[in-house]
Structure formats: C-alpha cells, structure tokens
Amino acid sequence: MRTHTTSTGFPTTSATTATAASPLGAVRNLGILAHVDAGKTTVTERILYATGTTHKRGEVHDGTTVTDFDSQERDRGITIFAAAVTCTWNGHRINLIDTPGHVDFADEVERSLRVLDGAIAVFDAVAGVEPQSESVWRQADRHGVPRIAFVNKLDRAGADLDTAVDSLRERLHTVPLVVQLPIGQEDGFTGVVDLLRMRALVWGPGPDPYEEGPVPEALRPEAERRRRLLEEAVAELHPVALEEFCATSALSAATLASALRELTARGEGVVVLCGSAYRNRGIEPLLEAAVAYLPSPLDVPPVRGTHGGGAQERAADPSAPFAGLVFKVSSTATGRLAYVRVYSGTIRKGDTVLDAGARRTERIGRILRVQADRHEDVELARAGDIVAVIGLKSARPGATLCTPGAPLVLEPPTAAEPVVSVAVEAARSLDTDRLATALARLVEEDPSLAVRTDRETGQTLLSGMGELHLEVAVEKVRRAQGLEIAVGRPQVSYRETVARGVRGLLYRHVKQDGGAGQFAHVVLDVQPLDPDPAGREGEEFVFRSAVTGGRVPQEYVRAVEAGCRDALAEGPLGGHRVTGVSVTLTDGATHPKDSSEMAFRTAGRFALREALRGSAMTLLEPVAEVTVTVPGDAVGAVIGDLAARRGRVSGQTARAGTAVITATVPLAELFGYASRLRGRTQGRGTFTTRPTGYAAAPQANG
C-alpha cells in the first residue's frame, strides 16, 4: 500500500487516506483504557488540547480536566464515570470515551467497550502492566476491540520502555510492535525516533508542537537495530510483509504501515508508542497512529442482532434502517440523557423509535453532540456516531433502539453481579420515600448496582462492585437530593435449631374469666429434624399427630400445628427464627364447652416455646459457597485468608495460570472481602458467592 506523510509527518495507509474523504470512513470511536493513575485522563486532556478542542491544558491535580467534570471525580482525583468527548484531527472525527481505571467501576468500562471500535491502552512506564490494566485488556479481548498501546510517563524516575514492553508480552500474552525509540531518559526525555520513517521528533519545554529532524548520530545504531527488530516481528506475522522481507531483506515504510494496520485489526499485534502526556510529549504521533491503525465503523464487521428468532446483520450504512444501542443513562440539568451508539441508519430530532426489548415506542426530543458535561444540539445522527438523546422516558442501558418498521434486538452489555452490600436508610423517616425514588433512579443509571429489601431484617440493602463503588453511589444521592443517609453493615439473619429435644412435654391451657372459657391440653415430643430422608434437608418444620382414639379432633390438631408455627418466629437463644424442628402431638384432652381452635392454637404456641427452652439449642449462621479466581502466585495467601474467615475449602482447580478455589464461608465474614481479595492479589482476583443455607455458629466462650 502507498503511504503519504500527514501534516505531523506520520505515515498513514492509502486505505485511511481514501476513506477520509467519506464521513463514515473518517470516524474513529475510541476508548482510553488504563489502570488508575496511569495517566489516562491526562492523555485525553492533551488530545483535546492538541486537536484544538480546548485552548488550555486541564490538570487532574487542579480539578480542571474536561472529562473528570463530576464533583466527586475532582474531589477524589480519579475517573469514576465514563465521559464522552469529540475532537477532529487531520480531517478525522474522533469520538473518545475516557473510562474509569479503578476496579470498582469495571462495569462502566464494559458498557463502553461494547460500543467502541478501537482503544488506546495507556501504561505507566515505571509500573508496566498493572492489575486493572490487565483486567481491562481482557475485557477488550472479549469484545474483540483492536488496540494500540501508549507507554506514558517516560519522564519519571525509573521509567523504562523496554521493561514496560516486556510486561505487555509476559502479562498480556500479546506481540508488542514498538514503532518508536525514546530520546533521552527520565527527566531528560525530550522526544522519540519514528522507526517507520527514521526521523527524530523533539518537543521543547513549552506547549508548541514538536520539531522534526534527522536521527541523532548517537542513537542511529540503536534506531537501526530496533527498526530491524520491528521488520522481523512484522514479517513473522504478515504474509505480504514476509514476501517483501525475503525478497529484499527489508520492509518499506509503506509495507510496515499497511501490515501494522492489518495486524492491529486482527488482534495479532499491538503497535506501541511512548511519551509523557503531562509534558505534552508524544501526543501528536499517538493521534496519527490512532487514525492510521485503528478501524473506522466501515472496517468493523456488521453489527449482529436478532428478530423473530433469527439472526440479522446491519451494516454501517446511513441509508439502512436505524439501529442503535443505549450504553449509558444519566440525569443532568439538561434532562435525562441516553447515550447511544448508532450502528446503522440515521435518526433525526422528532423521530419515533422502537425500544425493541421493551416493545414500546419512544420519541427523540433532542440529539446532542457530547463534550463531557457540555452539549451541542445537532439535527441528526448517522451510522457510526456516538451521541446523547433527550426524550426517552424509559430506555435503560442495554436497550436497543430501532426503526419501528425494522425491529432488531442487539446484544446488551453484560452486567456484573454485585459482590458487596451496605444497609442504607434515610436519617429522617419523612425522607424514606425520597430515598427510595433516588435509589431506583441510581440503579436505572448504573446496572451494576442493585437495591432490595431484606424480608427478615427489613433493611434496605444497596449492592455494588466494591466499597468505593457504594461510597460514590451513596454520596451521589446525598449531593443530588440533599438527603441525610445512614449507612451501615447489613444485618445477618441468624437461625436457631434444636440439637437435643424433649419428650412428653405436657402443657395445659386453661382460662376462665367469666362467660365461655378456654381449655386445651397437649403433649408434645420435640426433636431435631432428621436431615436424611429425601427432601427433608433444609426443611424448617415438620408436624405430626400420633393421637389415637379421637382424643383431639382433627380441627384442633390443625390449630396446634398453627400455634407451633407461631412459636417458631422467635427462639430462646436470641429471638431468631427456629428451623429444623420436628414436633409430634402425642396426646391431648378437650373440654365439652371450653375447648376451641383458638385455645388449642394458644396451647400449641406456648407448649412449643416451653419445649424449646428445655431443649439444647444451637445458633445457626448463613453460609455461602465462594468461588475465588486468583493468579497462581496468590493461592497461598488467599487460602490463608479464607481460613481466617472460618472458611472451609472444598475444591481447587488450575486454569491457564490461574487457580479457582471453592470454599464455604460464613456470610458475616464476607463483608469487606472484596477489598481484601484485591489487596492480596494486586487487584487480579475475582470472586462470586452463592448462598447455600445455614451452619452451626461457633459458641461464645464463657
């Protein structure tokens, strides 16, 4: 393929040049992915500055960045919510999504990756591949999103490009294709050598663009060696490049650029660039690489969906029937914004669209080009666009919007199961309804949150992906609604059961206070419920009658059973519900006038209470089966931590460098486990829980 030099001197392929003339071929829908503090938001800010979208460089530490516009993001100095911005570079429109880097907000990354065509993965030149950068890389693998890599912070003490590249190869199992050589080290880093064109790009101390010149003589041997390594690596992966390499023992810049684009699209190699975003060094070549190597909507396969039980495809064609996916919903001063990736067709302000999953129509009130927290009205959005729309009343993240006459359901982003819960309640009872409404809106905007009411404790439980996730969610409600919210640990629902029962407990209920009296005489046997017979395990109560000769009529037997069930509500140990009890009515007596169903129900209730007080009781606590997936080098620490939480390991298997540990752990010991697991595995461990029932709790000493 023929190459040409852009205004910044970076080569692009003829395919890119040709498509730049068409609006769709000149679009790039890209995400910025990284571990927290790798410099991802600073990279985004420098891209906006370099493209002329902003005229002042925002800084994370000053709280002046465009994409971290939420007050909590500025207070905490981290990205919490995925933010979309748009910029232009050399005739290309780049829709950019700055994603969170903290593991608690991985679901925001998941929803963003679902609608992106490519991504820039940012790595710290000192730390290399970090835990969350590894996690988001795997997420991008699942979605088949092509990536290029930017090794950032080369101006830091201890920064080393080669070490960072080695970590990409070892931790991410990918083939790094390094296209630049740093000029200078650490604080002396001033520029890069472009290994495709063998030219030096040097930045001064100010914000001005780089100056291009020949490769410094001192670096020429190393630059030529690295160019040779790049050619060999590409030739091994690309058949056309291999033919040229075998014929000429070298690769032209045009062949390299073409091969790098194809290898990136197929995920067989990752182009690696480097720089220092904070010092504004390396951003222009990064932009050129993004438009040269990452795909446009025309380059990715047609989106697949279903309708009427069959699969359908929609190509990225503005004249095709409209199909789009809602990937984010947020409430703002502008209104309820639904962020939509348009996959095919065109929508205009005022159009009626179908929410295919909910089977209801919605009206597009306004269409907005999003610039983080600023919005610009546009009349229409075409295939390949990422826009926000106002007017959708009920569409939620994952909803498919389409032309009513051509319905299609797209696969929604996968929502992770919440792993951590807290109890929330309004500080004032008058605010209870407002809190419930606010929590419902919160869950609508963030599918990785869940709200439920515990039937036994009556607590309102908010569940999410981690302690920070829940802390941010609660604070968001506090600030938006002006509510005072009390947050605490969820209560654990304990049970009590009979370890050793009693036989022949006699209880006589007699009440005479004028008029008709009450009389009931019952004899009960109370024993632990035998768990062995089929179907009995897990039953909380079994009642039998062994009365003979009609001494207790059947309707009174049923009343005794009802009274016993009433008594199970509170046990003698701590007022917890009683489970696993077998009660047998062995004898009884009636009175011709004073016996009644009420009398026998009362007798049954008080008789069982007395029997339970005379029995040996055991306190039960809820337990859960925990499945933990961790790197092989963290197995010992994780098993030790599970043991400290009174967990019983029941299984362990190995899968491709990771270990899967299964254990039964008391639910009360799992609070805070998400943070502990991340700490012990450097953020690479994950776990799921499944309630399995109850087990005996340890007895208190003394």
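Trainee: In this predicted model, how far apart are the end C-alpha atoms of helix α11 (residues 432-445)?
Mentor: Helix α11 has 14 residues. At 1.5 Å a residue, they should span 20 Å. The model agrees, because the end C-alpha atoms are separated by 20 Å.

Trainee: Which residues of α11 are buried, and where do they sit around the axis?
Mentor: The buried residues are Leu435, Ala438, Leu439, Leu442, Val443 and Glu445. They cover an arc of only 155° around the axis, so they lie on the same side of α11. An α-helix has 3.6 residues a turn, so residues three or four places apart point the same way. The place asked for is the same side of α11.

Trainee: Which helix gives the most residues to the largest nonpolar core?
Mentor: That core has 43 residues. Ile120, Ile148, Val234 and Tyr293 touch the most other members. With eight residues, the top contributor is helix α10 (residues 283-293).

Trainee: How many residues are in the other core, which lies apart from it?
Mentor: Its members include Ala426, Leu483, Val626 and Ile661. The number of residues is 34.

Trainee: Is Glu232 buried, partly exposed or exposed?
Mentor: Glu232 belongs to helix α7 (residues 220-237). Buried means under 20% relative accessible area, and exposed means over 50%. Glu232 has 31% relative accessibility, so it counts as partly exposed.

Trainee: What separates the C-alpha atoms of Glu232 and Phe245?
Mentor: Along the chain, Glu232 and Phe245 are 13 residues apart. In space, the separation of their C-alpha atoms is 8.0 Å.

Notes:
Residues numbered from 1 in each chain as written. Predicted model: local features only at pLDDT ≥ 70, side-chain atom pairs only at ≥ 80, totals over all residues. Heavy atoms only, no water. Helix = DSSP H or I, 4+ residues; strand = E, 2+ residues; numbered from the N terminus. Buried < 20%, exposed > 50% of the residue type's maximum accessible area, 1.4 Å probe, protein only. Core = buried A, V, L, I, M, F, W, Y, C linked by side-chain atoms within 4.5 Å. Expected span 1.5 Å × (residues − 1). Arc of directions from axis to C-beta.
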